[in-house]
Amino acid sequence: MTHVIAQGTFDILHPGHAHYLRDAAAMGDRLSVIVARGENVTHKDPPILSNRQRRDMVAALEMVDHARVGHREDIFVPIEELDPDVIALGYDQHHDEEAIEAELASRGVDCNVRRASPRDAHEDELLSTGDIIDRICDDRC
């Protein structure tokens, strides 16, 4: 059985998230998702929704077998605990595959790091939480 891990913030779920998680699930037989703790999100605005709410929404998706919130101090701890065969990164996530593989190897975790494919957006579709928030503010604020 091939165990895949996907990870992300997953604030305000949208079709891009669903595409990423479907792609990740197709890379193996079991998909676990690590939802980033809001306090650890530093590369973009912090999430609007709580850690628990984002985890619960991701866990409700049919392609997800298990979802959990990430570790408070060390993002690699849940990966060590889950011991996956594959880590699936979103096509636009800021992570460096080689750096992740090197860190995992130093911790004794032997897995492949792969990128999910991009999702083609339809004309009126928003595939970014930030874009959704901007549209809400433009249209409703």
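In this predicted model, D83 is partly exposed, with a relative accessible area of 47%. The residue sits in the loop between helix 3 and strand 4. Its phi is near 50 degrees, a positive value in a residue other than glycine.

**Backbone angles and a helix cap**

I12 is another residue other than glycine with a positive phi, here near 60 degrees. The loop between strand 1 and helix 1 holds I12, and a relative accessibility of 24% makes I12 partly exposed. A positive phi is also found at a glycine: G108, just after helix 4, has a value of about 80 degrees.

At the N-terminal end of helix 4, D96 acts as a cap. A side-chain oxygen of D96 lies 2.9 Å from the backbone nitrogen of E98. Within helix 4 lies A102, which counts as partly exposed at 48% relative accessibility. A102 and E39 are 63 residues apart along the chain, and their C-alpha atoms are separated by 25 Å.

**Salt bridges**

Over the whole structure, the search finds 10 salt bridges. Three of the pairs, among them two that involve E39, are listed here with their N to O distances.

| Pair | N to O distance |
|---|---|
| E39 and R37 | 3.4 Å |
| E39 and R72 | 3.6 Å |
| D74 and R107 | 2.9 Å |

E39 meets both R37 and R72 through its side chain. The accessibility of these residues covers three classes: E39 is partly exposed at 47%, R37 is buried at 15%, and R72 is exposed at 53%.

What does the salt bridge between E39 and R72 tie together? E39 lies in the loop between strand 2 (30-35) and helix 2 (51-59), while R72 lies in the loop between strand 3 (66-69) and helix 3 (77-82), so the pair joins parts that are 33 residues apart in sequence.

The side chains of D74 and R107 form a salt bridge at 2.9 Å. D74 belongs to the loop between strand 3 and helix 3, and R107 to the loop between helix 4 (97-106) and strand 5 (112-115); the pair therefore ties together parts that are 33 residues apart in sequence. R107 is partly exposed, with a relative accessible area of 26%. D74 and R107 also belong to a network of salt bridges that links them with E80 and E103.

**Surroundings of R37**

Where is R37 placed? R37 is in the loop between strand 2 and helix 2. Besides the salt bridge with E39, the side chain of R37 reaches the backbone oxygen of G70 at 2.6 Å. Leaving aside residues up to four places away in sequence, R37 touches N51, R54, V69, G70, H71 and R72. Two of these contacts recur above: G70 supplies the backbone oxygen, and R72 is a salt-bridge partner of E39. R37 is classed as buried because its relative accessible area is 15%, below the 20% limit for that class.

**The largest pocket**

The largest pocket has a volume of about 1100 Å³. Its lining is made up of 48 residues, of which G8, T9, H43, K44 and Q93 are the closest to its centre.

Which elements each supply at least two residues of the lining? They are strand 1 (3-8), helix 1 (15-26), strand 4 (86-89), helix 4 and helix 5 (129-140). The largest share, four residues, comes from helix 1. By class, the lining has 20 nonpolar, 20 polar and eight charged residues.

Helix 4 thus appears in several parts of this report: the helix contributes to the pocket lining, is capped by D96 and is followed by G108 with its positive phi.

Definitions and conventions:
Residues are numbered from 1 along each chain as its sequence is written. This is a predicted model: local features need pLDDT of at least 70, side-chain atom pairs count only at pLDDT 80 or more; totals for chains, interfaces and linings use all residues. Side-chain values use heavy atoms; hydrogens and water are left out. A salt bridge is a side-chain nitrogen of Lys or Arg within 4 Å of a carboxyl oxygen of Asp or Glu. Buried means under 20% relative accessible area, exposed over 50%, partly exposed in between (1.4 Å probe, protein chains only). A polar contact is a pair of N or O atoms within 3.5 Å; within protein, one must be able to donate a hydrogen and the other to accept it, and residues adjacent in sequence count only if both atoms are side-chain atoms. Contact means heavy atoms within 4.5 Å. On a 1 Å grid over the protein atoms alone, a cavity is a set of points where a 1.4 Å probe fits but cannot get out, and a pocket is an open set with protein on both sides within 12 Å along at least five of seven lines; lining residues have an atom within 4 Å of a point. Grid points are joined across faces, edges and corners, and a volume is the space filled by probe spheres set on the points. Ala, Val, Leu, Ile, Met, Phe, Trp, Tyr, Cys and Pro count as nonpolar, Asp, Glu, Lys and Arg as charged, and the others, Gly among them, as polar.
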